[in-house]
Amino acid sequence: MSTHTIVLQPSGFACEAGEDTSILHAFEAAGIELPNSCRNGTCRTCICRVRSGEAAHRIEWPGLSFDEKREGYILACVAVARSDLVIEAPVARRIVWGD
């Protein structure tokens, strides 16, 4: 299984993701939190924009309009990396456990 590097902008947070791992799950495993709620591609809470590279959705029609998909928007909960990616996700933050 191949892995890809995904970088979030503007934070610069990065992680590695296998081709079958959702972008949301890959960042959570790396200790980075992206906004999320439904985890099935309908609520749009995890919307972000691909700036470079290629991503694909694991479901046929996620909760995005045709224009949004054309403009590079993805839903991180149901999207996977198909190459190294740079993604615009301005509200990502590092998860802090304990004090």
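A residue counts as buried under 20% relative accessible area, as exposed over 50%, and as partly exposed in between (1.4 Å probe, protein chains only). The structure is a predicted model, in which local features need pLDDT of at least 70 and side-chain atom pairs count only at pLDDT 80 or more, while totals for chains, interfaces and linings use all residues. Residues are numbered from 1 along each chain as its sequence is written, and side-chain values use heavy atoms, with hydrogens and water left out.

**Exercise 1. Classify Val96, and state where Val96 lies.**

Step 1. The relative accessible area of Val96 is 66%, so Val96 is exposed.
Step 2. Val96 belongs to the segment after β9 (93–94). Strands (E, at least two residues) and helices (H or I, at least four) are DSSP runs, numbered from the N terminus.
Step 3. Glu33 is 63 residues away from Val96 along the chain, and their C-alpha atoms are separated by 9.7 Å.

**Exercise 2. Describe the order of helices and strands in the protein chain, and its compactness.**

Step 1. The protein chain contains two helices and nine strands.
Step 2. Along the sequence, their pattern is β-β-α-β-β-β-α-β-β-β-β.
Step 3. The radius of gyration is 12 Å, close to the 13 Å from the globule rule for 99 residues, so the protein chain is as compact as a globular protein of that length. This radius is taken over C-alpha atoms, and the rule is 2.2 Å times the number of residues to the power 0.38.
Step 4. Along the principal axes, the C-alpha atoms fill a box of roughly 45 × 30 × 25 Å.
Step 5. Of the 99 residues, 35% count as buried.
Step 6. Among contacts (heavy atoms within 4.5 Å) with a separation of 6 or more, 61% are between residues 24 or more positions apart.

**Exercise 3. Identify the strands that pair with β4, and give a bridge partner in each.**

Step 1. Two strands pair if DSSP finds at least two bridges between them.
Step 2. Strand β4 (residues 47–52) runs antiparallel to strand β6 (residues 73–75), and three bridges join them. Here Cys48 has Ile74 of β6 as its bridge partner.
Step 3. Strand β8 (residues 85–88) also pairs with β4 in the antiparallel sense, over three bridges. In this pairing, Val50 has Ile87 of β8 as its bridge partner.

**Exercise 4. Describe the surroundings of Pro10 and the peptide bond that joins Gln9 and Pro10.**

Step 1. Pro10 is found in the loop between β1 (3–9) and β2 (14–18).
Step 2. Pro10 counts as exposed because its relative accessibility is 61%.
Step 3. The peptide bond between Gln9 and Pro10 is cis, with omega about 10°.
Step 4. Apart from neighbours within four places in sequence, Pro10 is in contact with Ala89 and Pro90.
Step 5. Ala92 is 82 residues from Pro10 in sequence, and the C-alpha to C-alpha distance is 8.9 Å.

**Exercise 5. Examine phi and accessibility for Arg39 and Arg44.**

Step 1. Arg39 lies in the loop between β3 (32–33) and β4, and Arg44 lies in the loop between β3 and β4.
Step 2. Phi is near 65° for Arg39, a positive value in a residue other than glycine. For Arg44, also a residue other than glycine, phi is positive, near 75°.
Step 3. Arg39 counts as partly exposed because its relative accessibility is 43%. The relative accessible area of Arg44 is 33%, so Arg44 is partly exposed.
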